[in-house]
Amino acid sequence: MPEAPPPIKATKKMKELMAGHFLGLDQAAREGRPKVAWCTSVGPAELLHAMGFAVYYPENHGALLGATRMATEVIPTANAAGYSPDICSYLTADVGAFLKGVTPLTQAYGIASVPKADVLVFNTNQCRDVEDWFAFYARHWNAPIVGVRSHRGLGAVQDHHVADIVAQFKDMIPTLERVSGNKFDIDRLRETVRLSKECTLRWRRVLELAARTPSPMTFFDHTIHMAPAVVLRGLPEAVEYYDLLLAEMDQRIAQGIAAVPGERHRLYWEGMPVWGRLRMLSDLLSEGRAAVVASTYCNSWIFDAFDERDPFDSMARAYLELFIVRDDEYKERYIHQWVERFGVKGVIFHDAKTCPNNSNNRYAMPQRLARSLGLSTLVLNGDLNDLRLFSDEQAKTNLEAFVEQMEELAA
Amino acid sequence: MKLAAGIDIGAAATKAAVLDPLGRLLGGAVLRTGVDFGLAGARALDEALAQAEARSEDLAAVFACGYGRKNVSLATETRTEIAAHAAAAYHFFPRALTVIDIGGQDNKIIKVNDQGQRTDFKMNRKCAAGTGAFLEEMALRLDLPLERLNSLAREAEDEARLGAFCTVFTATEVLGKIREGAPLSALVKGLFRSVIKRVLEMDSIAGAVVMTGGVVAHNPYLVEMMAQELEREVLTPPQPQLAGAIGAALLALRSREQAR
């Protein structure tokens, strides 16, 4: 095996940023100011920052529960409380952990619990589960809950869709003003939208570097380094972080450092990560010299539409243009473009048992893409968080056989 | 003369095959895997070597496949059982194929093009319904020795319809049929049909069909039922349970040739 690449130095900075993020939220929750808003991953974070909230993302906490493999331990507690094992395992892990009084934030940062929400703000562009998830906490804390009920399955994003979402954003403002104690200020919103745009531009550039051969980063690196784009967008720290990361990647490219030494195969990952098995999957594919160079998941934090000149409309458009909100025809075109641009020869579809909206294999898309693009596809059955639904041995055999097949076809 | 060997360590059985440089089978063995994969592999190889009247020094390469493939210290390299079954099937039937392997805990459908390259494959999902383990469980519930399943299914005049997906629920369904007075042979035929259904819902079928694996080796009537279901001929290689081991040995031979 060729030597593994040196660790990415920017990771240290990212860890500091994440620590600052969680410690800041913990302090805010304890002191009661600034007020804490819970926000879904692609909820209106810009609006919440503009209103002066400390913004907390439970989906990120869900991913932490998965990555630390606490999820599988706590999910049964939520199941026993009536949350089905078939629904979102971010939800069941998060609620289960809360009911058990545990969080990975304790081990990582010495924080006793997730920050208590003063308001919960959802956007169902991901799924309906986020609303049910937030409703659990809204009932528990008797906290106000507001949100956007998004259109889904869109072909083209049209003006009337945008207008509807904008109206829903504006409907939230009185509640947000009341909870935060701050008046809405359009200029502050413009500034957070501008910062989100700066962040997203850089994040897109990071992802696009993987189009190079060999790729300097893989999907597995992206799942780690996306954290600032997820939880700090709208803030200057995220922009600074990606400048740092991009500079380091430029250096690595100049030095010819490959994320997968001896890279022979280039893959696309469609669907959620298997958070508790990132290392195993990454090592396994690296052994087969296969680099996952692009993914739908990490691309989900690219928001091209943000424009501070038109903050509401552009936010609405950005949140509606996302892959997950679109119809299959759009999704296939999208994957097609990334596959061609990144020189991808194989697509892994992760069928996450508890996440239908991110499991795009279920309506024969792998078969259609294999036919139209002439590439190999694999469906990996598993889950984002619930490792009871993931078989290590089957996954290993599937991935190894997939790489063998690509090797045979390349020969 | 340098030989090649393949060891297939499956969830239920471990198989070994020794081939001559032309890919002809000189010796083969099938043992229960047990809990020590390395030991099972070594024993199976010893037995296959003895049958081939060869010694381990005669082996130029040993490839291992199957769940325990990484536990075989004797193996010079490993391949997945998917690669191995495809190689064996194409060796015996060199044309575009769909290979159906029914193993102890895994089913696989593997597509091979007319050049012998794999183009696609599917494994059963986490559930073991429709695998050898399913039939073993049912035989236990019906208090039947496994060896009797094939003859019972063949002599059945009727077939019990079983709808459940899950092995445990199928057992419940079978008990219900027994209460209704269904003959044992009809139940076993229904179980065979259930295996076929589970397999065919995994993927589409294209080209010639080859079935491999232990379940097929012990239950040739299942192959006949599959042929009826598909309305086409279904091929089986000689000693279908050895297909994985033979395929691994063939891949070892191929690798030696490429290295030259």
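Biologist: What makes the sulfur of A:Cys355 too far from the closest cysteine sulfur for a bond?

Modeller: In this predicted model, the closest cysteine sulfur to that of A:Cys355 belongs to A:Cys88 and lies 6.2 Å away; a disulfide requires the two sulfur atoms to be within 2.5 Å, and therefore this pair is too far apart for a bond.

Biologist: Why is A:Cys355 called buried?

Modeller: Its relative accessible area is 11%, and because the cut-off for buried is under 20%, A:Cys355 falls in the buried class.

Biologist: How many disulfides does the rule give over all chains?

Modeller: The count over all chains is 0. A:Cys199, for instance, is in no disulfide, since the nearest cysteine sulfur, that of A:Cys298, is 13 Å away, set against a limit of 2.5 Å.

Biologist: And A:Cys199 itself, buried or exposed?

Modeller: A:Cys199 has a relative accessibility of 2%, and because anything under 20% counts as buried, A:Cys199 is placed among the buried residues.

Biologist: Turning to the sheets, what makes β6 and β8 of chain A the edge strands?

Modeller: The open sheet of 4 strands in chain A has the order β6-β5-β7-β8, with parallel pairing, and its edge strands β6 (290–295) and β8 (376–382) each pair on one side only. From one strand to the next, the twist averages 30 degrees.

Biologist: How many bridges support the pairing of strand β7 of chain A with β8(A)?

Modeller: Strand β7 (residues 346–352) is joined to β8(A) in the parallel sense over 7 bridges, while two strands count as paired once DSSP finds at least two bridges, and therefore the pairing satisfies the criterion. Within this pairing, A:Gly346 stands opposite A:Ser376.

Biologist: Which angle does the direction of helix α18 of chain A make with that of β8(A)?

Modeller: Helix α18 (residues 392–410), which packs on the sheet and touches β5, β6, β7 and β8 of chain A, makes about 175 degrees with β8(A); because angles over 145 count as roughly antiparallel, that term applies to α18 and β8(A). Helix α16 (residues 328–341) lies across β5, β6 and β7 of chain A and runs at about 155 degrees to β5(A), so the term applies to α16 and β5(A) as well.

Biologist: Which strands are the edge strands of the sheet β2-β1-β3-β4 in chain A?

Modeller: They are β2 (54–56) and β4 (145–148), each pairing on one side only, in an open sheet of 4 strands with parallel pairing. Strand β3 (residues 119–123) is joined to β4(A) by 4 bridges, and because at least two are needed, the two strands count as paired. Here A:Asn123 stands opposite A:Val148.

Biologist: Why are α2(B) and α9(B) called roughly perpendicular to each other?

Modeller: Helix α2 (residues 81–92) and helix α9 (residues 243–259) of chain B pack at about 85 degrees, with axes 7 Å apart; because 65 to 115 degrees is the range for roughly perpendicular, the two helices receive that description. Among the contact residues are B:Ala84, B:His85 and B:Phe92 of α2(B), and B:Ile246, B:Leu250 and B:Arg254 of α9(B), and the contact residues divide into 10 nonpolar, 4 polar and 1 charged.

Biologist: Which residues of helix α4 of chain B are buried?

Modeller: In helix α4 (residues 148–155), the buried residues are B:Leu149, B:Asn150, B:Leu152 and B:Ala153, and what covers them includes α3, α6, α7 and α8 of chain B.

How values were computed. Residues are numbered from 1 along each chain as its sequence is written. Chains are lettered from A and ligands numbered from 1 in the order in which they are written. This is a predicted model: local features need pLDDT of at least 70, side-chain atom pairs count only at pLDDT 80 or more; totals for chains, interfaces and linings use all residues. Side-chain values use heavy atoms; hydrogens and water are left out. Buried means under 20% relative accessible area, exposed over 50%, partly exposed in between (1.4 Å probe, protein chains only). Contact means heavy atoms within 4.5 Å. Axes are lines fitted to C-alpha atoms, for helices over the stretch in contact, and angles run from 0 to 180 degrees between N-to-C directions. Angles under 35 degrees count as roughly parallel, over 145 as roughly antiparallel, 65 to 115 as roughly perpendicular and the rest as oblique. Ala, Val, Leu, Ile, Met, Phe, Trp, Tyr, Cys and Pro count as nonpolar, Asp, Glu, Lys and Arg as charged, and the others, Gly among them, as polar.
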